[in-house]
Amino acid sequence: MDAQEYAQKRASDKLFGFSIREKLYPGEDEFFMKRPEVAGMAAEDNTIILNPYSPLSKKQLSAVAENEALRLKMRQDKFVPDFEITPEQSKFFEGTEYAKDQPAMKQTILARIYSGDPSAKATADQKKILQEYLSKSK
């Protein structure tokens, strides 16, 4: 395996085998254009889409792709984490799509922990649940 093949394999492993879809559907493009703060999404077709209007760097978008890949994996596994959402986390997600969807909020918290996003405001219990999930699902 040459260096490029090895790099692609490592990226695929971090993305749990899910691919990044470059071509956006018209509704997705319109959504991202209006919402540049939404850096990416676990799309309905089980691909990762990234916001071309996002101000994030390529390195940051790579972390977003990892986040969305874990969300897709949890969706595929029908895994909803069982933990308490902290008041600080609830406040952080106020006014977002997650505010009224506790299972999705829990999944995004774990995905943010996985991708190293400090906005997860992770607890030790949440980190442990992620570690257990990842160790069982390889």
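**Exercise 1. Determine which residues of α3 and α6 meet, and describe how the two helices cross.**

Step 1. The structure is a predicted model, in which local features need pLDDT of at least 70, side-chain atom pairs count only at pLDDT 80 or more, and totals for chains, interfaces and linings use all residues. Residues are numbered from 1 along each chain as its sequence is written, and side-chain values use heavy atoms, with hydrogens and water left out.

Step 2. Apply the contact criterion, heavy atoms within 4.5 Å. From α3, Leu 70, Lys 73, Met 74 and Asp 77 take part; from α6, their partners are Leu 130, Tyr 133 and Leu 134.

Step 3. Sort these residues by class. The contact of α3 with α6 holds 5 nonpolar, no polar and 2 charged residues. Here Ala, Val, Leu, Ile, Met, Phe, Trp, Tyr, Cys and Pro count as nonpolar, Asp, Glu, Lys and Arg as charged, and the others, Gly among them, as polar.

Step 4. Examine the geometry. Helix α3 covers residues 58–77 and helix α6 residues 124–136; their axes come within 13 Å and cross at roughly 65°. Axes are lines fitted to C-alpha atoms, for helices over the stretch in contact, and angles run from 0 to 180 degrees between N-to-C directions. Angles under 35 degrees count as roughly parallel, over 145 as roughly antiparallel, 65 to 115 as roughly perpendicular and the rest as oblique. The helices α3 and α6 are therefore roughly perpendicular to each other.

**Exercise 2. Establish how many residues of α5 are buried and what covers them.**

Step 1. Locate the helix. Helices (H or I, at least four residues) and strands (E, at least two) are DSSP runs, numbered from the N terminus. The protein has 6 helices and 2 strands, in the order α-α-β-β-α-α-α-α along the sequence. Helix α5 comprises the 14 residues 102–115.

Step 2. Count the buried residues, where buried means under 20% relative accessible area, exposed over 50% and partly exposed in between (1.4 Å probe, protein chains only). In α5, 11 of the 14 residues are buried, and the helix is mostly covered. Among them are Ala 104, Ile 109, Ala 111, Arg 112 and Ser 115. For the protein, 39% of the 138 residues count as buried.

Step 3. Identify the cover. It includes α3, α4 (87–92) and α6.

Step 4. Consider α6 in detail. The axes of α5 and α6 lie 10 Å apart at an angle of about 80°, which makes α5 roughly perpendicular to α6. On the α5 side, Ile 109, Leu 110, Ile 113 and Tyr 114 form the contact; on the α6 side, Gln 126, Lys 127, Ile 129, Leu 130 and Leu 134 do so. By class, 7 of these residues are nonpolar, 1 is polar and 1 is charged.

**Exercise 3. State how far apart Lys 14 and Asn 67 are in sequence and in space, and describe the surroundings of each.**

Step 1. Place the residues. Lys 14 belongs to helix α1 (residues 3–14), and Asn 67 to helix α3.

Step 2. Compare sequence and space. The two residues are 53 residues apart in sequence and 9.5 Å apart in space, C-alpha to C-alpha.

Step 3. Classify the accessibility. Asn 67, at 7% relative accessibility, counts as buried, whereas Lys 14, at 39%, counts as partly exposed.

Step 4. List the contacts, leaving aside residues within four places in sequence. Asn 67 touches Ala 111, Arg 112 and Ser 115. Lys 14 is in contact with Glu 66, Ala 69 and Tyr 114.

Key:
Expected span 1.5 Å × (residues − 1).
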